[in-house]
Amino acid sequence: VQLQASGGGLVQAGGSLRLSCVASERIFSINDMAWYRQAPGKQRELVATITSGGSTNYADSVKGRFTISRDNAKNMVYLQMNGLKPEDTAVYYCTANGIQIGEFLRRVYWGQGTLVTVSS
C-alpha cells in the first residue's frame with residue numbers, strides 16, 4: 001500500500017474529525033500532498049492541497065472549517081475537519097506527488113480512502 005489513510009467514522013453535524021495519511025517510505029521527493037473526496041453518486045472533488053513548503057489551498061465548500069497540514073519527516077498529511085455538515089459525507093482519499101524507489105518518473109500516488117459519515 002503506497003498511502004494509508006485513517007481517521008474516518010460517523011460523527012454528528014457540527015462535530016469534528018481528524019484524518020491522517022502516511023505515505024510509504026518507498027516514496028520520496030514528495031512535493032504536493034492533497035485530500036480528495038467522493039460522495040455517493042458524485043464525482044471525486046479536490047478538498048485541499050499543501051505544498052512541501054506548507055502553502056495551502058482549499059475548496060470553497062470547506063474554507064474556514066477544514067485545515068490541511070503535513071509532517072514532511074514522517075511522510076504524513078492530515079485533514080482537521082471542524083463544523084462538519086451532512087454534505088461532507090464522502091470517502092476521503094489522500095494523495096502524494098512523488099517518486100517511488102525503483103521507478104523513475106514522478107507521479108501521484110493515492111490512498112485507499114476512508115469513509116466519513118456526518119449525520120444530521
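The exercises below, each with a worked solution, concern a predicted model of a protein chain.

**Exercise 1. Overall build**

Describe the secondary structure of the protein chain, and decide how its radius of gyration compares with the globule rule.

Solution. Begin with the count of elements: the protein chain has zero helices and twelve strands, so that reading along the sequence gives the pattern β-β-β-β-β-β-β-β-β-β-β-β. Next, take the radius of gyration, which is 14 Å and lies close to the 14 Å given by the globule rule for 120 residues, so the chain is as compact as a globular protein of that length. The C-alpha trace spans about 45 × 25 × 20 Å along its principal axes. Finally, turn to burial and contacts: buried residues make up 42% of the 120 residues, and among contacts between residues at least 6 apart in sequence, 55% join residues at least 24 apart.

**Exercise 2. A sheet of four strands**

Work out the order of the strands in the four-stranded open sheet, and state which strands lie at its edges.

Solution. The order is 1-3-9-8, and the pairing is antiparallel. Strand 1 and strand 8 are the edge strands, since each of them pairs on one side only. From one strand to the next, the twist averages 15°. As a general point, strands of a sheet pair through backbone hydrogen bonds, either parallel or antiparallel. For a closer view, follow strand 8 and strand 9, which run antiparallel and are joined by six bridges; here Ile68 stands opposite Leu79 in strand 9.

**Exercise 3. The nonpolar core**

Find which residues touch the most other members of the largest nonpolar core, and then examine the surroundings of Leu79.

Solution. The largest nonpolar core holds 30 residues, and those that touch the most other members are Trp35, Leu79, Met81 and Tyr92. Several elements give two or more residues to this core, among them strand 1 (3-6), strand 3 (17-23), strand 8 (66-71) and strand 9 (76-81), which are the strands that form the open sheet of the previous exercise. Strand 5 (33-38), strand 6 (45-50), strand 10 (90-100) and strand 12 (114-119) also give two or more residues. Now consider Leu79 and leave aside its neighbours within four places in sequence: Leu79 is in contact with Leu17, Arg18, Leu19, Trp35, Val47, Ala48, Phe66, Thr67, Ile68 and Tyr92. Two of these partners, Trp35 and Tyr92, are themselves listed with Leu79 as residues that touch the most other core members.

**Exercise 4. Salt bridges around Asp88**

Identify the salt-bridge partners of Asp88, and explain why the pair with Arg65 ties together separate parts of the chain.

Solution. Side chains of opposite charge can pair when their charged atoms come close. A search of the whole structure finds five salt bridges. In one of them the side chains of Arg37 and Asp88 meet at 2.9 Å, N to O. This pair links distant parts of the chain, because Arg37 is in strand 5 and Asp88 is in the loop between strand 9 and strand 10, 51 residues apart. Asp88 also forms a salt bridge with Arg65, where the closest N and O atoms are 2.7 Å apart. Arg65 lies in the loop between strand 7 (56-58) and strand 8, whereas Asp88 lies in the loop between strand 9 and strand 10, so the pair ties together parts that are 23 residues apart in sequence. As for burial, Arg37 and Asp88 are both buried, and Arg65 is buried as well. Taken as a network of salt bridges, the linked residues are Arg37, Glu45, Arg65 and Asp88. For contrast, look at the salt bridge between Asp60 and Lys63, at 3.2 Å, N to O: Asp60 counts as exposed, at 66% relative accessibility.

**Exercise 5. Ile27 and two positive phi angles**

Decide whether Ile27 is buried or exposed, and then compare the settings of Ser29 and Asn75.

Solution. Ile27 lies in strand 4 (residues 27-28), and its relative accessible area of 1% is under the 20% cut-off, so Ile27 is buried. Not counting residues up to four places away in sequence, Ile27 touches Gln2, Leu3, Asn75, Gly98, Ile99, Gln100 and Tyr109. One of these, Asn75, has a positive phi near 60° although Asn75 is a residue other than glycine. Asn75 is found in the loop between strand 8 and strand 9, and at 18% relative accessibility Asn75 counts as buried. Ser29, which is not a glycine either, has a positive phi of about 50°. Ser29 is in the loop between strand 4 and strand 5 and is partly exposed, with a relative accessible area of 39%.

Key: Residues are numbered from 1 along each chain as its sequence is written. This is a predicted model: local features need pLDDT of at least 70, side-chain atom pairs count only at pLDDT 80 or more; totals for chains, interfaces and linings use all residues. Side-chain values use heavy atoms; hydrogens and water are left out. A nonpolar core is a set of buried Ala, Val, Leu, Ile, Met, Phe, Trp, Tyr and Cys residues joined through side-chain atoms within 4.5 Å. Buried means under 20% relative accessible area, exposed over 50%, partly exposed in between (1.4 Å probe, protein chains only). Contact means heavy atoms within 4.5 Å. Two strands pair if DSSP finds at least two bridges between them. Axes are lines fitted to C-alpha atoms, for helices over the stretch in contact, and angles run from 0 to 180 degrees between N-to-C directions. A salt bridge is a side-chain nitrogen of Lys or Arg within 4 Å of a carboxyl oxygen of Asp or Glu. The radius of gyration is taken over C-alpha atoms; the globule rule is 2.2 Å times the number of residues to the power 0.38.
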